[in-house]
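User: Please take a close look at how one pair of helices packs together. Then add what you can about the other helices.

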Amino acid sequence: MGMSVTISAASAQDAEQILKLQYLCYQTEAELYGDYRIEPLTQSLDDLKAELGRGHALVARLGDEVVASVRGEIDEDGTARIGKLIVHPRMRRHGLGGRLLDAIEEHFAGDRAAAAKRFQLFTGHRSEGNLRLYRKKGYEAVGTHRIGPRLTVVTLEKAA
């Protein structure tokens with residue numbers, strides 16, 4: 001009988017597995033843009049732990065293995081900035097990214113005083129799979145920012 005994937009809040013103990021998965025997942029992005037110095041590939045474990053402490057992160061597990069993750073923070077204006085939605089290459093195309101995105105939105109839109117008014121995320125202009133997922137989930141492009149000769153970042157938003 002196969003195991004099912006479970007989604008839960010990430011803890012500091014997950015940081016090393018998340019960082020390894022992040023490094024694996026962003027190889028294709030680095031190749032796509034010809035830049036292996038992108039922040040997800042250079043982030044230190046200490047920086048990741050600090051990021052986890054500031055915001056909220058989720059992990060998807062298959063048994064004990066972290067196979068996907070997402071994280072985000074909410075600012076004082078009520079914008080939940082969602083980032084680093086990663087899914088292990090062998091687990092892609094099964095809806096796991098969409099499930100994680102739904103779960104982190106639900107967390108930030110919850111019945112709390114600091115509930116999100118809007119969700120915002122970004123991706124590279126050539127990252128068609130990411131753009132397709134985000135549009136399917138109701139996000140619309142609200143801006144672009146040229147990072148370098150090969151990369152333009154597309155910012156997407158939707159109301160909470």
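Analyst: The helix pair comes first, then two other helices.

This is a predicted model, where local features need pLDDT of at least 70, side-chain atom pairs count only at pLDDT 80 or more, and totals for chains, interfaces and linings use all residues. Residues are numbered from 1 along each chain as its sequence is written, and side-chain values use heavy atoms, with hydrogens and water left out.

Helices here are DSSP runs (H or I, at least four residues), numbered from the N terminus. The pair is α1 (residues 15-33) and α3 (residues 45-54). Their axes, lines fitted to C-alpha atoms over the stretch in contact, come within 10 Å and cross at roughly 115°. Angles run from 0 to 180 degrees between N-to-C directions. The two helices are therefore roughly perpendicular (65 to 115 degrees). Their crossing is right-handed: the near helix is turned clockwise from the far one by less than a right angle.

Contact means heavy atoms within 4.5 Å. Helix α1 supplies Ala-15, Glu-16, Ile-18 and Leu-19. Helix α3 supplies Leu-45, Leu-48, Lys-49 and Leu-52. By class, that is 6 nonpolar, no polar and 2 charged residues. Ala, Leu and Ile are among those counted as nonpolar, Glu and Lys among the charged.

Now α4, residues 96-109. Its 14 residues should span 20 Å at 1.5 Å a residue, taken times one less than the residue count. Its end C-alpha atoms are 20 Å apart, which agrees. Its buried residues (under 20% relative accessible area, 1.4 Å probe, protein chains only) include Leu-100, Leu-101, Ile-104, Glu-105 and Phe-108.

Last, Gly-129 lies in α5, residues 128-136. At 37% relative accessibility, Gly-129 counts as partly exposed, the class between buried and exposed (over 50%).

How values were computed:
Parallel < 35°, antiparallel > 145°, perpendicular 65-115°, else oblique.
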